[in-house]
Structure formats: structure tokens, C-alpha cells
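Morning, everyone. I'd like to walk through the cavities first, then the surface. Please have the structure open as I talk.

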Amino acid sequence: MSISESAHFAASGFLSPRACESDAKRWVSPHYFASPGSRVRGRLALLFPGTGGKPRDYRAMADHAAALGYHALVLSYPNDASINQLAGDDLALHLPLRLDHWDGGCRTGMVDLESGEAILDRLVLALGKLALQYPEQGWDGYVTEIVLRERLDDRQVRAGLADLLHWPKIAAIGHSLGGGYAALAASRHALDRAVVMGWADWSRSTGELAHWVDSFADARTSVTRRFALLHERDEMVPCRMATRVAERFCGDGLRASVESGTFPWGGARLLSTDFDPSQEGSTKTPCHNCLALDVCTPRWPDGSAVLEDVWSWMLTGDVK
């Protein structure tokens, strides 16, 4: 039974990147947002979809976060190519590739983003637009000032975009490719918490981990605020790889199987599941996507997601 069964959220909808930047040409699938109802935590659940995923694919998780009192935003960003695919066997390339997508830099020469397309651009513009469009909902609580598209041409403004965000009020959540961006945010900023699901940065041919996943000991977000969820039969990210990365991300915290316990799993921050979602979606082996995607995640007879309690724990569990 979900701990949030009696909670509700106030509003939800879509926000086109073109509403934030009229000239946007790429990655224009609308952001999805949901705002809390009577229970307001003053926290933003920022969701990063996986490779090729659209914000509309993650509405169940966003709505659940809003029901728990979070403002929720599923971001549309440059996610059409896997970092593992782009980096190949170069284990040192993963981090600069992610940073190029994060802030629009050109460290690698492989990422060519226009102003308004990088993750920080999209996030600041979306929050500013939501704050202006829905002033009664409280979106302005996550930015120090509202930045409109034309101000991104100012180099000084662009250089300080990250400083405009109230990171301690943000919970970064990422699935698959998006998990790496939640981890990157946790590395660079002191977040409310960070959640990675079905994620590993690694070389598919050698089985070695990307160099940067060994740097989490120096992450700005406390290790007690980092969570991981993986599937034991993941067909896209082998469990052994996801586990190795999750152990580095979560530190020495307890590990638990979702099916072997109940909320809050003894306080474990590294959780694994063996749910069989094969009858719940249209794909034959949706274990990887069942962790977060609406179409694949297992459902109870009343339509609620089986993993809601897990999502609740990772978003609201007591942490130091």
C-alpha cells in the first residue's frame, strides 16, 4: 500500500521548450510538470529521462512526487545518444561528454549545442517560464532570479546559470542515461537528495567502469542522501555493472531487495528488484524500463505503480 494513497497534487501539464525559446529546433518534446496540493515540501523533484525517453513517459513518477509534496519537473534535454555509445572504450571521455551536455561547453569537440539546448539552459528557462505562467504555484522558489531566453546570450549570465538554482531544494532523479546526470548534479552540488535508476557509465566491450564513477567520495551531496534502484534482470544495463556503480554512488550504505522487505527496507539506500513486468507492457523484456517508465512499470489492480513505495522511500526517507 502506498504511503501517499491519500495525497493529491494540485496541477500538472506540459511546457514546450518552444514556449521558453521560440527558436528551439531540437529536443522539443514538452517538459512535464506537476505541482503539489495541500502538502508542500518546498522541494523540486527534477527527473532526467533515459536515452530517447520523453518527459511524457515518466508522468507516473512525477505525479507521485507531487502527491508527496514535491514540485516535479521532467526535463526535455539532449538525450538522443547514449554516453556509453559516444564514449566507446575511452573511459576518460564519459565525464567531459556529460559536462558538454550539462552546460553547453565544447570540451570534447563531439557535442555541438546551441544556446538554450544544454541541460542548465533548459532547466533555468523552464523554471522561469513556470514561475511566470503559474505564479501561485511556487516555482520561483527554486531559482534566485528568472532568466528569459534573450539573457542567455550574455556570457556572464551563462557562466553563472548553476548559481541561479537553489540546489539544496532539488532532488535529482535519473533513469538510465538520466541517472548519470542525477549523479553529476550530486557530484557538483549539495542536493536535497539524488536517485539513480538502472544506470552505469561503462565500456560495453571491456566491462570496465568509466573513470569518473570513482570520484563520488568527493561529491557535494552527502552520501546519506544518495539512492540507487536497479533490476536484477536488466536487459540493457547488466545488474553486475549497475551494482558496481551503485555501490560507489551510495557508499557503504545497506543494500536490500525490494521483494524481501517493506518500506523502509531497514534504511537501505541501494535497492534492487526482481519484479516480472513482462505482462504489464507491450515490450517482451521491459525490466530496464519498468523501474520508471509509465508503460512498463508494474501496476496493482487499482492502477497504482507497484514501485510507488520504493519511489516514496527514495524521495522522503529519513536521511542525515
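Which residues line the largest cavity? Keep in mind that this is a predicted model. The lining is made by V196, M197, G198, W199, A228, L229, L230, A242, V245 and A246. Find those on your screen.

Now the elements behind them. Three give two or more residues to this lining: β6, at 193-197, β7, at 226-231, and α8, at 239-250. So much for where; next, how much space. The largest cavity holds about 50 Å³.

What is the chemistry of the lining? By class, nine of the residues around the largest cavity are nonpolar and one is polar. None is charged. The glycine, G198, is on the lining list, and Gly is counted as polar here.

How many cavities of 30 Å³ or more does a search of the whole structure find? Two. On to the other one.

The second largest cavity has about 30 Å³ of space. Around that space sit M61, I173, V195, M197, W311, M314 and L315. Which element gives the most to this lining? That is α9, with three residues. Helix α9 covers 308-316. Strand β6 also supplies at least two residues here.

Look back at M197 for a moment. M197 is in the lining of the largest cavity, and M197 is also in the lining of the second largest. Strand β6 likewise turns up in both places: it contributes two or more residues to the largest cavity and at least two to the second largest.

The class count for the second largest cavity is quick. Seven nonpolar residues, no polar ones, no charged ones.

Now the surface. L132, I146 and L148 make a nonpolar patch of about 240 Å². Take I146 from that patch. I146 is in the loop between α5, at 119-133, and α6, at 155-159. Is I146 buried, partly exposed or exposed? It counts as partly exposed, because its relative accessibility is 32%.

Set L184 beside that. L184 belongs to helix α7, residues 177-188. Its relative accessibility is 2%, so L184 counts as buried. The cut-off for buried is under 20%.

One distance before I stop. L184 and Q133 are 51 residues apart along the chain. Their C-alpha atoms are separated by 29 Å.

To recap: the search found two cavities of 30 Å³ or more, and the patch I showed is made by L132, I146 and L148. Over to you.

Technical notes. Residues numbered from 1 in each chain as written. Predicted model: local features only at pLDDT ≥ 70, side-chain atom pairs only at ≥ 80, totals over all residues. Heavy atoms only, no water. 1 Å grid on protein atoms, 1.4 Å probe; cavity = no way out; pocket = protein on both sides within 12 Å on 5 of 7 lines; lining within 4 Å. Points joined across faces, edges and corners; volume = space filled by probe spheres on them. Helix = DSSP H or I, 4+ residues; strand = E, 2+ residues; numbered from the N terminus. Patch = residues over 30% accessible without salt bridge, like charges linked within 9 Å, V, L, I, M, F, W, Y side chains within 5 Å. Areas by Shrake-Rupley, 256 points an atom, 1.4 Å probe, with all protein chains shown as cover. Salt bridge = Lys/Arg side-chain N within 4 Å of Asp/Glu carboxyl O. Buried < 20%, exposed > 50% of the residue type's maximum accessible area, 1.4 Å probe, protein only.
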